[in-house]
Amino acid sequence: ISPQAENLLCRLQENFQALTENLTLRNILFGTWVIFNILLEEMGERINDLEKRVADLMTEAGVENSNEDLR
């Protein structure tokens, strides 16, 4: 194999390795982003549920409330 062909193969291998690392990093970042969004959505649902329970308890206790009172 000629030195030029060997150099070309080496550069192709380096570029392929860099591309593979880049794609791996993107997959990791995308997976982290998906998990983060799922957790945020779940936290929002829990906060909404908590606000409803507090409002229900206040109603049971005979205390008038508004959304501003819960914040």
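What follows is a short chat about a predicted model.

Student: What does the secondary structure come to?

Tutor: One helix and zero strands. The radius of gyration is 28 Å, well over the 11 Å that the globule rule gives for 71 residues, so the protein is more spread out than a compact globule.

Student: And what does the C-alpha trace span along its principal axes?

Tutor: About 90 × 15 × 5 Å.

Student: How far apart are the end C-alpha atoms of helix 1, and what span should its residues give?

Tutor: Helix 1 covers residues 3-60, and its end C-alpha atoms are 85 Å apart. At 1.5 Å a residue, its 58 residues should span 86 Å, which agrees.

Student: What follows helix 1?

Tutor: G62, with a positive phi near 80°.

Student: Changing topic: how much of the protein counts as buried?

Tutor: 1% of the 71 residues. About 6,700 Å² is exposed, and carbon and sulfur atoms supply 60% of that area.

Student: How many salt bridges are there?

Tutor: The count is three. E42 pairs with R46 at 2.8 Å, N to O. R53 meets D49 at 3.0 Å, and K52 meets D56 at 3.0 Å.

Student: Where do E42 and R46 lie?

Tutor: Both are in helix 1, four residues apart, about one turn. R53 and D49 are also four residues apart in helix 1, as are K52 and D56.

Student: Why would that spacing suit a pair?

Tutor: An α-helix has 3.6 residues a turn, so residues three or four places apart point the same way.

Student: Is R46 buried or exposed?

Tutor: Exposed, at 54% relative accessibility. Its partner E42 is partly exposed, at 34%.

Notes:
Residues are numbered from 1 along each chain as its sequence is written. This is a predicted model: local features need pLDDT of at least 70, side-chain atom pairs count only at pLDDT 80 or more; totals for chains, interfaces and linings use all residues. Side-chain values use heavy atoms; hydrogens and water are left out. Helices (H or I, at least four residues) and strands (E, at least two) are DSSP runs, numbered from the N terminus. The expected span of a helix is 1.5 Å times one less than its number of residues. The radius of gyration is taken over C-alpha atoms; the globule rule is 2.2 Å times the number of residues to the power 0.38. Buried means under 20% relative accessible area, exposed over 50%, partly exposed in between (1.4 Å probe, protein chains only). Accessible areas come from the Shrake-Rupley method with a 1.4 Å probe; for residues, only the protein chains shown count as cover. A salt bridge is a side-chain nitrogen of Lys or Arg within 4 Å of a carboxyl oxygen of Asp or Glu.
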